[in-house]
Amino acid sequence: MENIKYNVPVVLTHINDDSHNFKPLPLPTGEYPYRLNLEKIIGERTSDLQDRMFFHMVGDTGSVRHSDFQATVAHTLTQQIAGHQDASPAFLFHLGDIVYNYGEANEYPEQFLKPYKNYPAPIFAIAGNHDGDINPSASNPYQSLDAFMDVFCDTHSRPITYDTSVNRQSMIQPNVYWTLETPLARFIGLYPNVTKHGMITDEQRKWFIEELRDAAIQRDEQAIIVCIHHAPYSADTNHGSSVGMIDFLEGAFAEASVIPDAVFSGHVHNYQRFHKTYPDGSMVPYIVAGAGGYAVLHSIARHDNPLVTPLQKVDNDIQLIAYCDDQFGFLKIGIIRTDLGLKLIGAYYTLTQPDDVEAKLHDTFEIPLQRSMLSEV
C-alpha cells in the first residue's frame, strides 16, 4: 500500500504563508470586459473553425536552468502544425510560466522567443507566478509583468524588440486576465499572482463571475474553458492542490450559477487529468499540463509520503484518471460540433529523449459537453 501512488488530490501537510509576495497588477491595455476575438488575429481563417477547432495547450515551458527538453517540446509542437493537416492546431494557448525565475525581459529570447521562433500559429498566454515575480538583484528595476505585457498584452501588434532576430509579433491580449472568443469556445484566463498557491483580487473575481454568466448565454455554441496557472487539484509532492484556488473557483461557479466545461492549468510540472462530478451530474475535467520544458518534473505522491495528505473537501467527488510524471509533454485539444452538441477531445503527447523527432501518444479522452442541459434538469 505504501508504494501506491495517490489517485485523488492531495495537499501539502505544511504550507508557508507567502501572501506578502503578492504583486500589484499592471493596468489593462484594452477595454473592459477584456475580450479578444480570434478573428481579429487570424481573420477569415476563423470561418474554417465553425465545426472543428484544434489547438495546443502547454505550461511551464521556460527554464533558467539547462533543459534538454525545452527546445524539443517547442520543435514538436511546430511539427504538429504541418503534420496534422486534417486537424491542424489553430493556435497555442500557453498556461503560464513562460520565463523563469523572475519574468525578466532579458530572459525572453532564450526561454521563449528562440525556442518558439518557428511555431507558425498565434500564441496566446496566461501569466504564471514566475512571469509576475521580480528579481531583487535586477540591475534595471522593473514592475511585475512588465515583459509579459510587452510580449502578450501590447496595444498594437509589432515586432518584439527583446530579440530582433526572431520574427514574432507581440500579441494584443487586453489584460493580464482576459477572455479569448473563438467560434467553438470561450477561454476565460485568470491570473492568481506570484504566490505558490495563488491569490486573486476581488476585482478580478467580480469580472470572472460576469464572464461566466455571459459565456453561459452562448454555451450551446461555445464551450466554456477556464484557464488558471495554479492547479486547483493536484496529486504531486511539490505543490499539491491549491485549496485557495478551489475555494475561489467553486465560490465563483456557485455565485454565477455556471459550471464550466473544462479547467486547464500548469504550475505543477507533470500531466494530470482529474474528473470531477458535480451534484447536478455534470462531469468537468480538471487537467494539468505543466511539463512543457522546465528542467525538473514533479512526481505523483505515494501513500507513504509524509509531506502530503489527501484533500478533504465536502461533496468532493474527484478522481485522478490519468497522469504522466516522468516525461515532458503537451496537449492537443479539439472541440467538435456534432448533432448532439459540442464534444471535447484531447490527446496528451510525451517526449522520452531530447532528440525525439516525434512525440508519443500517452493519453486520449473524449467528453460530450452537455452542461447546459444538465443544469436545467
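These are my notebook entries on a predicted model of a protein, going from the whole fold to single residues.

**Entry 1: the overall build**

I started with the secondary structure and counted eight helices and 16 strands in the protein. Next I looked up the radius of gyration: at 19 Å it is close to the 21 Å that the globule rule gives for 377 residues, so the protein is as compact as a globular protein of that length. Along the principal axes, the C-alpha atoms fill a box of roughly 55 × 50 × 45 Å.

I then asked how much of the chain is covered. Of the 377 residues, 58% count as buried. The exposed surface comes to about 15,800 Å², and carbon and sulfur atoms supply 48% of that area.

I also checked the contacts between residues with a separation of 6 or more. Residues 24 or more positions apart account for 76% of them.

**Entry 2: charges**

The protein has 26 positive and 47 negative charges. I looked up where the two sets are centred, and their mean positions are 2 Å apart. Side chains of opposite charge can pair when their charged atoms come close. With that in mind, I searched the whole structure for salt bridges and got 16.

**Entry 3: three salt bridges, one by one**

My pick for a start was Lys114 with Glu110, a salt bridge at 3.0 Å from N to O. Are these two buried or partly exposed? Lys114 is partly exposed at 35% relative accessible area, and Glu110 is partly exposed at 48%.

Then I turned to Arg219 and Asp261, whose closest N and O atoms are 3.2 Å apart in a salt bridge. Arg219 sits in the loop between helix H6 (202–217) and strand E8 (223–227), while Asp261 sits in the loop between helix H7 (243–256) and strand E9 (262–265), so this pair ties together parts that are 42 residues apart in sequence. Here both partners are covered: Arg219 is buried at 9% relative accessibility, and Asp261 is buried at 3%.

Helix H7 came up again with Glu250, which forms a salt bridge with Lys276 at 2.9 Å between the closest N and O atoms. Lys276 belongs to strand E10 (residues 271–277) and Glu250 to helix H7, so the pair links parts that are 26 residues apart in sequence. Lys276 is buried, with a relative accessible area of 6%.

I also wanted to know which salt bridges share partners. Arg35, Glu181, Arg186, Glu211 and Asp214 are joined in this way into one network.

**Entry 4: two polar residues**

Back to helix H6, where I looked up Gln204. Its relative accessibility is 0%, so Gln204 counts as buried. What does Gln204 touch, leaving out residues up to four places away in sequence? The list is Leu25, Tyr177, Leu190 and Tyr191.

Thr72 was my last stop, in helix H2 (residues 70–83). Thr72 is buried too, with a relative accessible area of 6%; the cut-off for buried is under 20%. Leaving out residues up to four places away in sequence, Thr72 touches Leu351, Gln353, Pro354 and Asp356. I also took the distance from Thr72 to Ala322: the two are 250 residues apart in sequence, and their C-alpha atoms are 23 Å apart in space.

Technical notes. Residues are numbered from 1 along each chain as its sequence is written. This is a predicted model: local features need pLDDT of at least 70, side-chain atom pairs count only at pLDDT 80 or more; totals for chains, interfaces and linings use all residues. Side-chain values use heavy atoms; hydrogens and water are left out. A salt bridge is a side-chain nitrogen of Lys or Arg within 4 Å of a carboxyl oxygen of Asp or Glu. Buried means under 20% relative accessible area, exposed over 50%, partly exposed in between (1.4 Å probe, protein chains only). Helices (H or I, at least four residues) and strands (E, at least two) are DSSP runs, numbered from the N terminus. The radius of gyration is taken over C-alpha atoms; the globule rule is 2.2 Å times the number of residues to the power 0.38. Contact means heavy atoms within 4.5 Å. Accessible areas come from the Shrake-Rupley method with a 1.4 Å probe; for residues, only the protein chains shown count as cover. Lys and Arg count as positive and Asp and Glu as negative; His and the chain ends are not counted. The place of a charge is taken as NZ of Lys, CZ of Arg, CG of Asp or CD of Glu.
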